[in-house]
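Reader: Please take a close look at the helix packing in this model. I would like the pairs described one after another, with the criteria stated.

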Amino acid sequence: VPDLKSVLREKIPEQQERLKAIKKQYGSKELGKVTVDMTIGGMRGITGLLWETSLLDPEEGIRFRGYSIPELQRMLPGAKPGGEPLPEGLLWLLLTGDIPSKEQVDALSAELAERGKNIPAHVDTILTDLPPGTHPMTQFSIATLALQPESRFAQAYAKGTPKKDYWDPIYEDSMNLIAKLPGIAALIYRNTYFGGNKIPHNPNLDWAANLAHQMGHDGEEVYELTRLYQTIHTDHEGGNVSAHATHLVGSALSDPYFSFSAGLNGLAGPLHGLANQEVLRWLFDVTKKIGQEPTKEEVEQFVWDTLNSGRVIPGFGHAVLRKTDPRYTCQREFAQKHLPDDPMFRLVSLFYEVVPGVLLKQGKVKNPWPNVDAHSGVLLQYYGIKEENFYTVLFGVSRAIGVLSQGIWSRALGLPIERPKSITMDALERKLA
Ligand code: AMX
């Protein structure tokens, strides 16, 4: 069977030609207009990025290379028949546009296990030298940067590699980094919560199961949850903060270690990836104040209290989505299948019933529905992954698969350095007065 890199190599020339043709045929056509509101409002609604790996529909949610999450749960190979998809299969899909066979996915699992088996010793030294209490996301970003001296792209660039060949060392860096992330994340986990007592990488496990295993959480169900979790958090088109930051920094030809570390710094924000941690803390707050089985009315009052104190309801709302996030729905289905009677799951379900109504009544949000982060925490809790300030690291491990796949394509397509125009209030008033 041809390996992932050979399949990708075959596909690059036709996509390069396709982009050239698009530029020639449509280069001067308009994709939309830019209003002052858009410029002030976080560029919302401006189509300003080319992003091949996924596309977000406001009503339907994310599609990866054209496939919805339920389709991928049916079509991508699992560790066992009918099981959750293996994230390696999604990596294959994002890079090539093809649904891989089980054989191809197994070969990719083995390749990643080989590439990821050793984490350089200095990474552990750097992490353990950080002050106690350093947030796991800070550690994660630092650890990623600490791998940067390994960059094959930085070395190739220094040697004068021509632009048409950039994608190759970018591919090598991206695969090496993706392969090492489960080990890095587990290192942070064991250092932070288990006094540095580490669990070795198991070469016979797939990439996601190895993550759970090295964290110290073993069992077929927790492996299945990790496979699903790591599949659905990969990519959410190009404009979200972590994807956009990775893309922006990569456009300066900073290598994947630099660019992914930048993406992680954005993911660490409470309005983005940190929301999964915030959701869990907020749920605990509820149980502390009103017990594990609150009534609808009590929950409604709690939601209002949160809003009235000037805070957002974590896990609800979205910049682009206008319906319940399908990443929420598939986690809900996982819970219905594996932990239907779990009190925390029941609480999350109650919030699903109550929060959208309250947000609608308040009348500010454009989307009152839950996003991916509203559900992930209770699943992790159920399987013993209790340390909520680690949750965004798990999100970040998955996000690498999406943003680095696109990073390889960005270099293969020769996309330029990103440089949008900005404007001052002065200039804006002069221009429009
Ligand atoms: N609770 C309370 N208020 C909310 C809200 C929520 N969940 N979501 C949006 N709002 C408020 C906004 O703060 C804004 O108020 P303002 O006019 O006073 O500034 C108003 O509603 C309009 O915002 P919007 O256009 O609906 O959303 P946005 O595009 O500005 O922001 C997001 C999107 C996700 C940051 C926002 O919905 C939010 O803060 N949600 C809670 C945090 C969260 O769950 N983030 C995770 C998102 C998914 C992810 O990236 N992982």
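Author: What follows describes three helix pairs, and then one further helix and the ligand shell.

This is a predicted model, in which local features need pLDDT of at least 70 and side-chain atom pairs count only at pLDDT 80 or more, while totals for chains, interfaces and linings use all residues. Residues are numbered from 1 along each chain as its sequence is written.

Helices (H or I, at least four residues) and strands (E, at least two) are DSSP runs, numbered from the N terminus. Axes are lines fitted to C-alpha atoms, for helices over the stretch in contact, and angles run from 0 to 180 degrees between N-to-C directions.

Helix 1 (residues 4-26) and helix 4 (residues 87-96) have axes that come within 9 Å and cross at roughly 20 degrees. Helix 1 is therefore roughly parallel to helix 4; angles under 35 degrees count as roughly parallel, over 145 as roughly antiparallel, 65 to 115 as roughly perpendicular and the rest as oblique. Leu4, Val7, Leu8 and Lys11 of helix 1 make the contact with Trp92, Leu95 and Thr96 of helix 4, where contact requires C-beta atoms, placed from the backbone, to lie within 7 Å. By class, this contact has 5 nonpolar, 1 polar and 1 charged residues. Ala, Val, Leu, Ile, Met, Phe, Trp, Tyr, Cys and Pro count as nonpolar, Asp, Glu, Lys and Arg as charged, and the others, Gly among them, as polar.

Helix 14 (residues 275-290) packs on helix 18 (residues 373-382) at about 65 degrees, with the axes 8 Å apart. That angle makes helix 14 roughly perpendicular to helix 18. Ala275, Asn276, Val279 and Leu280 of helix 14 meet Asp373, Ala374, Ser376 and Gly377 of helix 18. The contact of helix 14 with helix 18 divides into 4 nonpolar, 3 polar and 1 charged residues.

For helix 13 (residues 256-267) and helix 19 (residues 391-412), the packing angle is about 135 degrees and the axes are 10 Å apart. The two are therefore oblique to each other. The residues of their contact are 8 nonpolar, 5 polar and 1 charged.

Helix 15 (residues 296-308) has 13 residues and should span 18 Å at 1.5 Å a residue, which agrees with the 18 Å between its end C-alpha atoms; the expected span is 1.5 Å times one less than the number of residues. Gly310, just after helix 15, has a positive phi of about 85 degrees.

The ligand is surrounded by 21 residues, the closest being Ala275, Val312, Gly317, Ala319 and Lys366; a residue counts as near if its C-beta atom, placed from the backbone, lies within 6 Å. The shell has 10 nonpolar, 8 polar and 3 charged residues.

How values were computed. Contact = placed C-beta atoms within 7 Å.
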